[in-house]
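I opened this notebook to keep track of side-chain contacts and backbone details, one lookup at a time. The entries follow in the order in which I went through them.

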Amino acid sequence: MDIRQLGYFVRVVEFGSFSRAATYLHVAQPALSRQVQNLEVELKERLLIRNGRGVKTTEAGERLLEHARTILDLVGRVYEDMENARTGKAGTVTIGMPGTLSAAISAALIRRLRNELPDANVHVLHGRSTQLQEWLLAGRLDMAVLYDAPSSPMLEIHDLVTEKLYLFSGPGDPAAGIPATLEEIANLPVIIASRPNRVREIVEGELARTGQKLNVLFEIDAVEAMFDLVHSGVGYTVATRRARRTMGASNEVAIRPIIGPELEIKVQIVLRTRRLNNRLHDAAFRILRDLSLDLLKPEPATSSHHPHAPTKRAAEHSATG
């Protein structure tokens, strides 16, 4: 097995066809087929299945595809790191963040990185915090903005801000603006993300301390759909005000602070503890940290007279997000 074979295999999978991959790679199709067959012989597994529309991966092929992409990415980073050692500004930086945080900072981050590091290739990937952590440890990400990263000797964690969690309900809720207790929340039909999800873990963990359980009406990971159901009066949800702002002002919902105790979630920048000394990544980290601290500043609580009216800053984010 060599790097060229892995590269050929990945291209065949991506194009879904030996002929299209051969054209892209500027190699003869029979030679490309032989390289993939050699991989299958060496690994003693069938990797691809030919059909009338092209090829698709077997279960073994899917496993190899994940490994191959990681290996090819690491090899590419070796070359980039050598270039970076000379210039300090060339190469690739890949940053991950959940969608709710990306809406607040990714556009401004890319503009800042482009201005200050014009020779860098910047990639921003979205995912759930648990998924982003896996990508970080696998080397697919250089850094990530996460919610409540677990303490680990493999992770270097930098705290940014702490955000409060709120209870959201339909716009006609007469209790809007009135603090909600955990005991009350335990008796409400809740729409919330499936596990693993840090907000859910926080709520369920606090309820478990008093022997209570979350009454889950629906599990749904799409934030837009979650707030749409809340707006329709189907149920309640627990989230940060930032998550609500990403939905814009089209679906108003009522917001209630949570007490007994207040629930909070940390926003952090996370890196691998074992990583190459890279001046480009160091510069990108400083830019990400400074920009995040500025754009993710906690906002004052919503006025009790207008419990679901957006603040000026929220409206600006909604208009630009």
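What follows is a set of short entries on rings, charges, surface and backbone, all read from a predicted model.

**Aromatic pairs**

I began with the rings, and a search of the whole structure returned two aromatic pairs. One of them is formed by Phe15 and Tyr24, with 5.1 Å from centre to centre and 45° between the planes, which I noted as tilted. I then looked up how far these two residues are covered: Phe15 is partly exposed at 29% relative accessibility, and Tyr24 is partly exposed as well, at 47%.

The rings of Phe168 and Phe227 have centres 5.2 Å apart and planes at 80°, so I recorded this pair as edge-to-face; the reasoning rests on the cut-off, since planes over 60 degrees apart count as edge-to-face. This pair links distant parts of the chain, because Phe168 belongs to strand β6 (residues 155-169) and Phe227 to helix α9 (residues 223-231), with their positions 59 residues apart in sequence. Both Phe168 and Phe227 are buried.

**Charges over rings**

I stayed with Phe227 for another check, and found Arg244 over the face of its ring, at 5.8 Å from the ring centre. A second case of this kind involves Trp135, where the charged end of Arg140 sits over the ring at 4.3 Å from its centre.

**Salt bridges**

How many salt bridges does a search of the whole structure find? The search gives 16, of which I wrote out a few.

Glu59 and Arg63 form a salt bridge whose closest N and O atoms are 3.5 Å apart. Both residues lie in helix α4 (residues 59-87), four residues apart, which is about one turn of the helix. I noted that Glu59 is exposed, with a relative accessible area of 64%, whereas Arg63 is partly exposed at 43%.

The side chains of Arg198 and Asp148 meet in a salt bridge at 3.0 Å, N to O. Arg198 is in helix α8 (residues 198-209) and Asp148 is in the loop between β5 (143-147) and β6, so this salt bridge ties together parts that are 50 residues apart in sequence. Arg198 is partly exposed, with a relative accessible area of 31%, while Asp148 is buried at 18%, which I checked against the limit because buried means under 20%.

Arg289 forms a salt bridge with Asp290, the closest N and O atoms being 3.1 Å apart. Here I found both partners partly exposed, Arg289 with a relative accessible area of 29% and Asp290 with 40%. I also noted a network, in which salt bridges with shared partners join Arg195, Arg200, Glu204 and Glu219.

**Surface patch**

Which residues make the nonpolar surface patch of about 230 Å²? I listed Leu217, Phe218 and Val234. Val234 is in the loop between α9 and β10 (237-240), and its relative accessibility of 35% makes it partly exposed.

**Two buried residues in strands**

Gln268 is in strand β12 (residues 264-272) and is buried, with a relative accessible area of 5%. A polar atom of the Gln268 side chain lies 2.7 Å from the backbone nitrogen of Ala149.

Val55 is in strand β2 (residues 54-57) and is buried at a relative accessible area of 13%. I paired Val55 with Val12, and the two are 43 residues apart in sequence but 8.0 Å apart in space, C-alpha to C-alpha.

**Backbone**

I looked for exceptions here because most residues other than glycine have a negative phi, and most peptide bonds are trans.

The peptide bond from Arg195 to Pro196 is cis, with omega near -5°, and Pro196 is in the loop between β8 (190-192) and α8. Gly260 and Pro261 are also joined by a cis peptide bond, with omega about 0°; Pro261 is in the loop between β11 (254-259) and β12.

For phi, I noted that Lys44, although not a glycine, has a positive value of about 55°. Lys44 is in the loop between α3 (29-43) and β1 (48-51), and is exposed at 74% relative accessibility. Asp148 returns in this entry, since Asp148 has a positive phi of about 45° without being a glycine. Its place is the loop between β5 and β6, where Asp148 counts as buried at 18% relative accessibility.

Notes. Residues numbered from 1 in each chain as written. Predicted model: local features only at pLDDT ≥ 70, side-chain atom pairs only at ≥ 80, totals over all residues. Heavy atoms only, no water. Phe/Tyr/Trp six-rings, centres within 6.5 Å; stacked < 30°, edge-to-face > 60°. Buried < 20%, exposed > 50% of the residue type's maximum accessible area, 1.4 Å probe, protein only. Lys NZ or Arg CZ within 6 Å of the ring centre and 35° of its normal. Salt bridge = Lys/Arg side-chain N within 4 Å of Asp/Glu carboxyl O. Patch = residues over 30% accessible without salt bridge, like charges linked within 9 Å, V, L, I, M, F, W, Y side chains within 5 Å. Areas by Shrake-Rupley, 256 points an atom, 1.4 Å probe, with all protein chains shown as cover. Polar contact = N/O pair within 3.5 Å; in protein donor to acceptor, adjacent residues only side chain to side chain.
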